[in-house]
Number of protein chains: 2
Amino acid sequence: MLVPETPALTRIRLDVAYRGTDFAGWARQPELRTVQGELEAALDKVLRASARGLAAPQVTVAGRTDAGVHARGQVVHVDIDLDGWRSLPGRSDRPESEALLDRLAGVLGDDIVVFAATIAPSGFDARFSALSRTYKYRIADRYAARDPLRADWTLWHRGELDEAAMNEAAQEVTGLRDFAAFCKPRPGATTIRQLQQFEWQRPQSGPDAGLVVATITSDAFCHNMVRALVGSSILIGQGKRPADWLAAVLASKDRANAGAVIAARGLTLEAVAYPEDELLAQRAQAIRAQRMDEEIRP
Amino acid sequence: MLVPETPALTRIRLDVAYRGTDFAGWARQPELRTVQGELEAALDKVLRASARGLAAPQVTVAGRTDAGVHARGQVVHVDIDLDGWRSLPGRSDRPESEALLDRLAGVLGDDIVVFAATIAPSGFDARFSALSRTYKYRIADRYAARDPLRADWTLWHRGELDEAAMNEAAQEVTGLRDFAAFCKPRPGATTIRQLQQFEWQRPQSGPDAGLVVATITSDAFCHNMVRALVGSSILIGQGKRPADWLAAVLASKDRANAGAVIAARGLTLEAVAYPEDELLAQRAQAIRAQRMDEEIRP
C-alpha cells in the first residue's frame with residue numbers, strides 16, 4: 001500500500017464573516033450545520049485534500065461563537081499543502097489568494113464569506129496570538145430604528161432604553177476583573193478577564209444610526225459573558241435597576257445576581273486584534289500556557 | 001337584517017419597511033405571500049374591521065415593488081374607522097399611533113415593519129401626491145465588501161466595476177426623457193419619465209462603505225426601468241460597453257438594445273417625496289389625470 005508523502009504545510013490566515021442565524025454555532029458537530037463544519041468542508045473540497053489522500057483541513061478560530069451569533073471580523077488559520085495545491089492541474093496563473101477566495105465563494109452559501117486569505121506571518125496562531133476580541137450588540141428600541149433589512153442582527157426591544165445610564169454602568173466594570181457573576185462556571189477555568197472597553201452609545205449617523213449599541217473589547221471572554229453583561233445592562237436601561245447595580249453584581253461574583261443572558265440575535269464579533277508580526281509567537285506562547293484549558297467565547 | 005352603519009373614515013399614512021426576499025412582490029395575490037396581502041391582513045386584524053362587519057382595510061401604495069425588491073421608505077395610505085377603533089373595549093389611553101404600531105408589530109413578521117403611523121394631511125394620496133421615488137441599487141464587487149449580514153439586499157458581483165464610467169454614463173440619461181429602451185412595454189402607457197437623479201458612487205464611509213451604489217430618483221418609473229438601467233450600467237462598469245453607450249441605447253428607444261434586467265436582490269426603495277401639505281391635493285389631482293393607467297413601479 002502506498003502511503004502519500006506528508007507534504008510541508010503552509011499556515012494561511014483567513015478572514016471570515018458569517019450570518020449566524022442559520023448556524024448551530026461555530027464548533028463542528030455531527031449532523032448540525034456549523035460555521036467550522038461548512039468552512040472545513042469547503043476547504044477540503046477546494047484544496048482537494050481528502051481527494052488526494054491528505055488529512056482534511058482543520059481550522060483554528062480566534063473567537064468561537066455560539067448558535068445565532070454573527071461575525072464580520074472572525075479570523076482563523078489553517079495549515080495547508082500550498083505547494084501541492086499550486087501544482088494541481090487546472091490551476092490558473094491568477095494570484096493564489098484570489099483563486100482561493102473565488103473557489104471558496106463558489107462552494108460556500110451566501111451566509112458565510114471568506115473575504116481575505118493570506119500566508120500567515122511566522123508565529124501566527126489565530127487563537128493564541130490574538131490580543132483582543134471586539135463584539136458589538138445592537139438594539140432597536142424605537143419603531144423608527146426597526147429596519148427589516150437589519151433584523152437578523154439587531155435585537156428588537158419594546159420600550160426606549162436609557163443608553164446614558166447603561167453606559168455609566170458599563171464604565172464601572174471595565175478593567176482587570178473577576179467576571180464570575182457574568183460567566184457560565186467551568187471547573188478549573190479562571191473567570192478573570194481584562195475588559196478593555198465596554199461602551200453603550202446611540203450613534204446619530206453611520207451604519208448604526210438610531211440603534212443602541214454596545215462595543216465590548218476584552219482580551220478574552222468566558223462563555224456567555226457578553227450576553228450576560230448586555231442582559232443586565234438592559235435592566236438598567238429600562239430603569240429597573242440603578243446604574244451602580246452592574247458593578248455591585250460584578251463585586252458579588254455570584255451569577256444568580258446578574259440579569260438573564262440576552263438573545264444571540266443582536267451579537268456580532270466585529271474584530272480580532274493581533275500584535276505586530278515579530279510579537280506573534282511570543283504572545284501565542286504566553287497565552288497558550290495561560291489559557292490552554294479555558295473558554296474564549298462570549 | 002341589520003346593516004352596520006357606514007362609519008366616517010380617517011386617512012392614515014403608514015411608513016413601511018420590508019425585506020422583499022420572502023415576498024412575491026407588493027401586490028396582493030391569492031395564495032402568495034405579498035407585502036400588501038400581509039399588511040392588509042394585519043390591519044384588518046388589529047382594527048377588527050371584518051370582525052365588526054366593516055369592509056377590510058385596503059391600502060394604496062407609493063411604489064409598487066416587484067418580487068424580491070426591498071423597501072426602507074415605502075409609504076401607503078389606508079382609510080380607517082378611527083373613531084370606531086378608539087371606542088373599542090380594551091383600548092388603552094396610550095396615543096393611538098403608538099398603540100397601532102405596537103399591535104401591528106405583534107401581528108407582522110420580522111421582515112415587515114410599520115415604523116410610523118400618522119393622520120394624513122388633507123388631500124394626501126400615497127400614490128398620486130408623491131413627487132418622486134428614490135431607489136438604491138447596491139453591489140459588492142470585491143470580496144472585502146461581501147458582508148453576509150447585508151447579503152439579502154446587496155448583489156454580489158464577481159469582478160471589479162468601474163464606477164466612474166458607470167456614473168459618467170448615468171449623467172447622460174437624466175432629465176425628461178423617453179425611457180422606452182428601459183421599459184417593459186405596456187399598451188397605451190407613456191414611457192416618458194423625469195429622471196431627476198442617477199448616480200453611481202463607491203462610498204468610503206457610512207452604511208454602504210466599499211459598495212458600488214446607484215441612487216436613482218424619478219417622478220415615477222415604468223416597469224423594470226431601474227433594473228434595466230442598472231443591468232446596462234454593469235456592462236459599462238465591466239468595460240464591455242463604452243460610457244456613451246447608455247445614452248445611445250436611450251436614444252434608440254428600442255428595448256432590444258439594453259442590457260439584461262438585473263436581479264431584484266440589490267434593489268431597495270429608499271424614500272418617497274411629497275410636496276408641502278397645502279399642495280398635496282393639487283399634485284394628486286394633476287398626477288391622477290396624467291397617470292391613471294400607468295405603471296409606477298420600477
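Which residue in E8(A) is the bridge partner of Leu176(A)? In the predicted model examined here, that partner is Gln194(A). The pair belongs to the contact between strand E7 (residues 175-178) and strand E8 (residues 192-201) of chain A, which are antiparallel and joined by four bridges. On E8(A), pairing also extends to E9(A), again in the antiparallel sense, through six bridges. Within this second pairing, Leu195(A) is matched with Ser218(A) of E9(A). Strand E8(A) is thus a partner of E7(A) and of E9(A).

Strand E9 of chain A, spanning 212-218, is followed by a loop that leads to helix H5 (225-237), and Asn224(A) lies in this loop. The backbone of Asn224(A) adopts a phi near 70°, a positive value in a residue that is not glycine. As a general rule, most residues other than glycine have a negative phi. Asn224(A) is classed as buried because 21 other C-beta atoms lie within 10 Å, the threshold for burial being 20 or more.

A second positive phi, of about 55°, is found at Arg48(B), likewise not a glycine. Arg48(B) is placed in the loop of chain B that connects helix H1 (35-47) with strand E2 (59-61). Its surroundings hold 13 C-beta neighbours inside 10 Å, so Arg48(B) counts as partly exposed; a residue would be exposed with 12 or fewer. The two loop residues therefore fall into separate burial classes, Asn224(A) being buried and Arg48(B) partly exposed.

Attention now turns to strand E3 of chain A. Of the eleven residues of this strand (residues 70-80), nine are buried, so E3(A) is largely enclosed by the rest of the structure. Several strands pair with E3(A). Strand E1 (residues 10-18) of chain A runs antiparallel to E3(A), and eight bridges connect them; Ile12(A), for example, has Val78(A) of E3(A) as its bridge partner. Strand E2 (residues 59-61) of chain A is also antiparallel to E3(A), with three bridges, and here Val61(A) is bridged to Val76(A). By contrast, strand E10 (residues 267-273) of chain A pairs with E3(A) in the parallel sense, over two bridges. In that parallel pairing, His70(A) of the enclosed strand has Thr268(A) as its bridge partner in E10(A).

The relation between the chains was examined next. Chain B is superposed on chain A by a rotation of 180° with 0.0 Å of shift along the axis, at an RMSD of 0.0 Å. The two copies are thus related as by a two-fold rotation axis.

At the interface, 23 residues of chain B are in contact with 23 residues of chain A. On the side of chain B that touches chain A, the elements giving two or more residues are strands E1 (10-18), E3 (70-80) and E4 (112-119) of chain B. The largest share, four residues, is supplied by E4(B). Classified by residue type, this side of chain B comprises 14 nonpolar, two polar and seven charged residues. Of the interface residues of chain B, 100% are also interface residues in chain A, so the copies meet through the same surface.

Note on methods
Residues are numbered from 1 along each chain as its sequence is written. Chains are lettered from A and ligands numbered from 1 in the order in which they are written. This is a predicted model: local features need pLDDT of at least 70, side-chain atom pairs count only at pLDDT 80 or more; totals for chains, interfaces and linings use all residues. Two residues are in contact if their C-beta atoms, placed from the backbone, lie within 7 Å. Ala, Val, Leu, Ile, Met, Phe, Trp, Tyr, Cys and Pro count as nonpolar, Asp, Glu, Lys and Arg as charged, and the others, Gly among them, as polar. Copies are superposed by least squares on the C-alpha atoms of residues with pLDDT of at least 70 in both. Two strands pair if DSSP finds at least two bridges between them.
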